[in-house]
Amino acid sequence: MVSFETFLTPTNTVQKKSSGIIGYDVPEGVDIRGRYDPEFSKILTRDALTFVADLQREFRNHIKYAMECRREAKMRYNNGSLPGFDPATKYIREGEWVCAPVPHAVADRRVEITGPVERKMVINALNSGAKVFMADFEDALSPSWENLMRGHVNLRDAVNGTITFHDQARNKVYKLNDEIAKLFVRPRGWHLPEAHIFIDGEPATGCLVDFGLYFFHNYANFRKTQGQGLGPFFYLPKMEHSREARIWNNVFERAERWAGIEKGSIRATVLIETLPAVFQMNEILYELRDHSVGLNCGRWDYIFSYVKTFQAHPDRLLPDRVQVGMAQHFMRSYSDLLIHTCHKRGVHAMGGMAAQIPIRDDRAANEAALELVRKDKLREVKAGHDGTWAAHPGLIPACMEVFTNNMANAPNQIHSMKRPDASVLTEEDLLQRPRGVRTMEGLRLNTRVGIQYLAAWMTGAGSVPLYNLMEDAATAEISRVQNWQWLKYGVELDGDGLGVKVNLELFGRVVEEEMARIEREVGKEKFKKGMYKEACKLFTRQCTAPVLDDFLTLDAYNNIVMYHPIGSSRL
Ligand SMILES: CC(=O)SCCNC(=O)CCNC(=O)[C@H](O)C(C)(C)COP(=O)(O)OP(=O)(O)OC[C@H]1O[C@@H](n2cnc3c(N)ncnc32)[C@H](O)[C@@H]1OP(=O)(O)O
Ligand SMILES: O=CC(=O)O
Ligand SMILES: [Mg+2]
């Protein structure tokens, strides 16, 4: 017999009236619209939600302003301006200052593995032999309520050291090794809302939920077990301007004051993965100078951002996606300048992700893929990067070997590879038009990959293997915006000698044919059960939209928002 009074809000939040609680016990102004689960309620405690709500209330106007500034910058680029260095912050670029010393716990970051916050993968990644595991709420995660909340349960158990997983089908039990990678957490970008948590009548900011819940539950244990007195550690994605880094810095200081830990405990690496941000690297480090452990070349989102920034510049169209690699002048310049900047400021310059993953059923193809990864890593370490990313545990030995053999027994190259030659890189170097050709196969591949990725994302998988490559939200964005760009400007596919122009009719035919190919490849059964048709509709709409949407995942998000009770209205 239930011996307490409760009342239901319009959703499923149940608030305590006298004694006993079912549903989430929320503070004033907070409404949880996601499914109730007793495990989730240990994450969504009243105190944790109060912490998140306080962050939201303190920073929401700053975030809104920063997003407004993004829109204004977009308008300027769309009217013909180019991004560039800001004359107003020359004093920061030219000033002699350094970031706080690199913490001993993360001095050596030669190889970092990344992956979604899925339970088995968290254990595998921590055990993988990599120095760092970046647990991802961003590019690699489809941010459904279930994925997010389970992710927090998994991270809490990982930090506590108690995480286990029983694979019933293989009767295999997973648990942590004695030696594990250091945990970094990547919250979502500023642009993504968390529609299952309303604060004062508005969806919460996704990254404040990710940061807030993780910090609240783990800062104390993390500092004891992993951080050698510091931490927790974060990766910060998709920023476009140093004002956004300032918000993060203020969030960190707010969290440190709340926890009673010293300023500079929290450390973060910022991904430079938007074109505007490459002109703000010093400024971003400066804002975060007490909390920084470097920058990272988020190469996939960077390519996506190049297209997005130049959406109104038909003279800067991309060649086939496969041709836009690190050998392109604008990409090499970005990586070189990032190394120079980080080392001048005393922090890590992290490399990026090679998309190849192991190919199980073909030895020769597997060796060829590994060789491409080795080459990419060799270029990075010789250029001066202090570490790199691996998408799969099977790549770690090769990446580790390349970095170890080329770093002269040092944990990093911060003081040995200053790259003064890169200080002369100009705006023209950073913006130089990519070279290459456009082909029908490029258009087909973008379409095939984009649809399959979205179908996976809508069913809960944010990173997937497709055609022996890792695909995630960033790589899928390239496929989308490249198709959009080619359609918008009716480009000629000059690479196959056919001289065909991309138009709606051609694209419609390609979509139809690629859908038929996907059905053949995945099989009728899986095709019928999956979300391929919905994904196709969404991808086609995105590629043919008169105005380019800022993010594919924003449009797709409504498909994975699941309110309880089921049927209540969505965003
Ligand atoms: C652009 C960017 O932002 S890059 C960063 C974001 N993207 C990512 O993090 C992608 C990370 N990688 C992945 O998600 C996966 O490697 C995929 C989806 C590409 C391929 O995954 P799978 O098809 O499961 O690979 P595969 O079957 O070869 O896995 C073999 C084993 O390695 C594990 N594994 C694969 N990738 C990872 C990983 N990144 N972390 C931990 N474990 C992993 C699998 O769990 C599996 O474990 P098991 O043998 O115990 O069952
Ligand atoms: O987040 C990494 C990227 O390449 O994008
Ligand atoms: Mg990215």
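User: Which elements each supply at least two residues of the shell around ligand 2?

Analyst: Bear in mind that this is a predicted model. The residues surrounding ligand 2 include Arg299, Trp300 and Asp301, along with Gly352 and Met353. Set those numbers against the element bounds, and the elements with at least two residues each in the shell are α10 (299-309) and β14 (349-353).

User: And which element has the largest share of that shell around ligand 2?

Analyst: Besides the stretches already named, Asp139, Leu271, Glu273, Gly298 and Ala474 are among the residues around ligand 2. By class, the shell holds 4 nonpolar, 2 polar and 4 charged residues. The largest share, 3 residues, comes from α10.

User: Let's move to ligand 1. How many residues surround ligand 1?

Analyst: The closest ones are Thr114, Gly115, Asn124, Asp139 and Ser463. Sorted by class, the shell splits into 14 nonpolar, 5 polar and 4 charged residues. The count of residues surrounding ligand 1 is 23.

User: Which element gives the most to the shell around ligand 1?

Analyst: Start with the closest residues, which include Thr114, Gly115 and Asn124. The elements giving two or more residues to this shell are β4 (111-116), α4 (119-126) and β16 (464-466). With 4 residues, the one giving the most is α4.

User: Where does ligand 1 lie with respect to the domains?

Analyst: The protein is divided into domain 1 (52-431) and domain 2 (440-557). Both of them give residues to the shell around ligand 1. That is why ligand 1 can be placed between domain 1 and domain 2.

User: How far apart are the C-alpha centres of domain 1 and domain 2?

Analyst: The two domains do touch, with 28 residues of domain 1 in contact with 29 residues of domain 2. On the domain 1 side, the class split is 17 nonpolar, 6 polar and 5 charged residues. As for the C-alpha centres, they lie apart by 26 Å.

User: Which element gives the most to the side of domain 1 that touches domain 2?

Analyst: 28 residues of domain 1 are in contact with domain 2. The elements giving two or more residues to that side are α10 and α12 (363-383). The one that gives the most, with 6 residues, is α10.

User: UniProt has an "active site" entry here. What is the largest C-alpha distance within that set?

Analyst: The unreviewed UniProt entry lists Arg186 and Asp472 as "active site". They are spread over 287 residues of sequence, yet they cluster in space. The largest C-alpha distance is 14.4 Å.

User: Is Arg186 buried or exposed?

Analyst: Arg186 is found in strand β8 (residues 182-186). Leaving aside neighbours within four places in sequence, its contacts are Met134, Asp136, Phe137, Glu138, Phe234, Tyr235 and Pro237. A residue needs 20 or more other C-beta atoms within 10 Å to make the cut-off. Arg186 has 25 of them within 10 Å, so it is buried.

User: What about Asp472, buried or exposed?

Analyst: Asp472 lies in the loop between β17 (469-471) and α16 (473-488). Beyond its neighbours within four places in sequence, Asp472 is in contact with Asp139, Ala140, Gly462 and Ser463. Asp472 has 28 C-beta neighbours inside 10 Å, so it counts as buried.

User: Which stretch does UniProt list as "domain: Malate synthase C-terminal"?

Analyst: In this span, helix accounts for 64% and strand for 8%. Its end C-alpha atoms lie 34 Å apart. The unreviewed entry gives the stretch as residues 438-560.

User: Why is strand β9 described as largely enclosed by the rest of the structure?

Analyst: Strand β9 (residues 193-199) has partners to look at: strand β3 (residues 30-32) runs antiparallel to β9, joined by 3 bridges, and Ile32 stands opposite Ile197. Strand β10 (residues 202-205) also pairs with β9 in the antiparallel sense, over 4 bridges. β9 counts as largely enclosed because, of its 7 residues, the number buried is 6.

User: Which residue in the turn between β9 and β10 has a positive phi?

Analyst: β9 and β10 form a hairpin with 2 residues between them. In that pairing, Pro193 stands opposite Thr205 in β10. The turn residue with a positive phi, about 50 degrees, is Asp200.

Conventions: Residues numbered from 1 in each chain as written. Chains lettered and ligands numbered in written order. Predicted model: local features only at pLDDT ≥ 70, side-chain atom pairs only at ≥ 80, totals over all residues. Buried ≥ 20, exposed ≤ 12 C-beta atoms within 10 Å, placed from the backbone. Pairing = 2+ DSSP bridges. Near = placed C-beta within 6 Å. Nonpolar A, V, L, I, M, F, W, Y, C, P; charged D, E, K, R; others polar. UniProt positions renumbered as here; feature names shortened; annotations may be inferred. Contact = placed C-beta atoms within 7 Å. Domains from an automatic or database assignment.
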